[in-house]
Each structure stands twice: as structure tokens, then as C-alpha cells.
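This note collects comments on the fold, the packing and the backbone geometry of the entry below. Please read the points alongside the coordinates.

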Amino acid sequence: MAQERNVCAGPFGAVYDFYIERPHLARLVLGTMWGVDPRPFYRSLSAIGELPDGATVLDIPCGGGVALRGLRPSQSVHWIGVDIEPAMLARARRRAANHPSADVQLIEGDIYRLALEDATAELCLSYGGLHCLARPQAALAEMARCLRPGGRLLGSTFLAQGSRRQRRLLRNEDFGSTGNAEDLRQWLHAAGLTDVSIDRDDGLPVFSAIRP
């Protein structure tokens, strides 16, 4: 995956890590910069806290570990975070220290060839990563492979039909292949997933799908 990189690994990521942990500030920054509302993302994190102890969660790409904030206090799950950037894994490791009841494993790895067994997890998270990839459909198929039957894929991504400001920012070479809502829906179905939902067709939608 040499052609892929996490754009948050540099100075931009340090700023992102600061505001994404503060929902009110994130709403201001993301609304001003990208013209999107992050509140659906924060609401979607409740799915993590609903998992029973002993469940396995995949976080791909995990970035700085912001999804860990969805864990309940003392929730005991097996959490596997994968990212291509060691700097992001280091940030996630610092966040994981705040959740001692969770068994957190952080791996530097290839999103297209995950070093994980089939049917590993009840929940796979993919927040804010697909739009950075050259082959998002292939990445979704690999995540779906790692879900157990009945498991859920949950994430968010920028879409091509966002605001003019958003489309201009996404033309940056750091971003990969951003499809529209119908593309995303087709990618999820092609990965063998059902019960596909996308909460809106522009901006930064939250999507969900189930492995039958």
C-alpha cells in the first residue's frame, strides 16, 4: 500500500486530534472549513458502547483513535486498530491508555490485505478514511471479509457531491477516490453486505451495513 498515506499523520493531524475530541469545537471547525456537521458521527459512536463485553471491534484506519471515545467506562472488548502511519498509531496508543478495561491491539498494516482471519469481529469501524484511498471498494470488501455473520460495518466518508468548498478541498492530491452516495451503496453491496444505509447523500455521511 505504498501509494496510500494517512493525511492526518503530519501537523494537520495534530490540529485535527485536538478539535475532534471536542465536539463543540469540531462542529465549528468542520462547519467552517468543510461545510459539514459532525454531530451524526458522534451519535454513531453509541453503537460501540452497545457491544457486550468480549466483543471484537476493528477500527480501520484507526487514525489517532478517536473512535475509542465510544467505549463505556470499564467496557471490556478486544479492539484492533489498523493504520499505515506509525505516527497515528502512536496517538491511538496514548488514547487507548485511557481505556484500561479494553484489550487494545494496534497494528501497522495494509488496508487492502488485512492480517486478520475471516469473520473476526462483530463491528468494523471506518471513520474518515475511505476518501483517502485509491481503491475504496477493495478496502470495503476486505473489511467485510473480517466481519462475523450479523456483524456491522459502520463509518463515515466525504462524498463527491458535497458543497463547492468541499469539492475544491477534496481535489488535493492527498485524497483518493471519492464517489457519490450511489457509488458507496454499490461498493457496500458488492462487498456482500446488506441493510445498507447512508444518512445523507452529500457532505460527510455516516454509513452502515450488515454482513448476512
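**Notes on the predicted model**

1. Overall composition. The protein contains eight helices and seven strands. The coordinates are those of a predicted model, and every point below should be read accordingly. Of the 212 residues in the protein, 51% are buried. Among contacts in the protein with a separation of 6 or more, 69% join residues 24 or more positions apart.

2. The largest nonpolar core. In soluble globular proteins, nonpolar side chains tend to be buried together. Here the largest nonpolar core has 30 residues, and Ile20, Ile48, Trp79 and Leu125 are those with the most contacts inside it. At least two residues of this core come from each of α1 (11-20), α2 (23-33), α3 (39-44), α4 (46-49) and β4. Trp79 merits inspection: beyond four places in sequence, Trp79 touches Ile48, Val57, Asp59, Ala67, Leu68, Leu71, Asp103, Val104, Gln105 and Leu125. Two of these partners, Ile48 and Leu125, are named with Trp79 among the core residues with the most contacts.

3. A second core. Separate from the core just described is a second one of 29 residues, which includes Val82, Tyr112, Leu133 and Leu147.

4. The pairing of α6 and α8. Two packed helices are described by the angle between their axes and the distance between the axes. For helix α6 (residues 136-145) and helix α8 (residues 181-190), the axes come within 8 Å and cross at roughly 40°. Because of that angle, α6 is oblique to α8. The crossing of α6 past α8 is right-handed. On the α6 side the contact involves Pro136, Gln137 and Leu140, and on the α8 side Leu184, Trp187, Leu188 and Ala190. By class, the residues of this contact comprise six nonpolar, one polar and no charged.

5. The buried residues of α6. Which residues of α6 are buried? They are Pro136, Ala139, Leu140, Glu142, Met143 and Ala144. Glu142, an acidic residue by name, is included in this buried set and could be examined in the display. The buried residues of α6 pack against β4, β5 (147-156), α8 and β7. Pro136 and Leu140 also take part in the contact with α8.

6. Ser126 in strand β4. Ser126 is found in strand β4 (residues 121-127). Its relative accessibility is 0%, so Ser126 counts as buried. Setting aside neighbours within four places in sequence, Ser126 is in contact with Ile60, Pro61, Met143, Leu154, Gly155, Ser156 and Phe207. Of these partners, Met143 is one of the buried residues of α6.

7. The cis peptide bond. Most residues other than glycine have a negative phi, and most peptide bonds are trans. The bond that joins Ile60 and Pro61 is a cis peptide bond, with omega about -10°. Pro61 lies in the loop between β1 (56-59) and β2 (78-83). Both Ile60 and Pro61 are among the contacts of Ser126.

8. Val206 in strand β7. Val206 belongs to strand β7 (residues 206-210). With a relative accessibility of 10%, Val206 counts as buried. Val206 and Thr157 are 49 residues apart in sequence, yet their C-alpha atoms are 7.1 Å apart in space. Not counting residues up to four places away in sequence, Val206 touches Pro40, Phe41, Ser44, Leu154, Gly155, Ser156, Ser197, Ile198 and Asp199. Leu154, Gly155 and Ser156 also appear among the contacts of Ser126.

9. Positive phi at Ala119. Although Ala119 is not a glycine, its phi is positive, at about 55°. Ala119 lies in the loop between β3 (103-108) and β4. Its relative accessible area is 29%, so Ala119 is partly exposed. Beyond four places in sequence, Ala119 touches Arg145, Cys146, Leu147, Arg148, Pro149 and Arg211. The C-alpha atoms of Ala119 and Pro149 are separated by 7.1 Å, with their positions 30 residues apart along the chain. Leu147, one of these partners, is included in the second core.

10. Positive phi at Asp195. Which backbone angle of Asp195 is positive? The angle is phi, at about 50°, although Asp195 is not a glycine. Asp195 is found in strand β6 (residues 194-198). At 57% relative accessibility, Asp195 counts as exposed, whereas Ala119 is partly exposed.

Notes. Residues numbered from 1 in each chain as written. Predicted model: local features only at pLDDT ≥ 70, side-chain atom pairs only at ≥ 80, totals over all residues. Heavy atoms only, no water. Axes fitted to C-alpha atoms, helices over the stretch in contact; angles between N-to-C directions. Helix = DSSP H or I, 4+ residues; strand = E, 2+ residues; numbered from the N terminus. Parallel < 35°, antiparallel > 145°, perpendicular 65-115°, else oblique. Left-handed = near helix turned anticlockwise from the far one by under 90°. Contact = heavy atoms within 4.5 Å. Nonpolar A, V, L, I, M, F, W, Y, C, P; charged D, E, K, R; others polar. Buried < 20%, exposed > 50% of the residue type's maximum accessible area, 1.4 Å probe, protein only. Core = buried A, V, L, I, M, F, W, Y, C linked by side-chain atoms within 4.5 Å.
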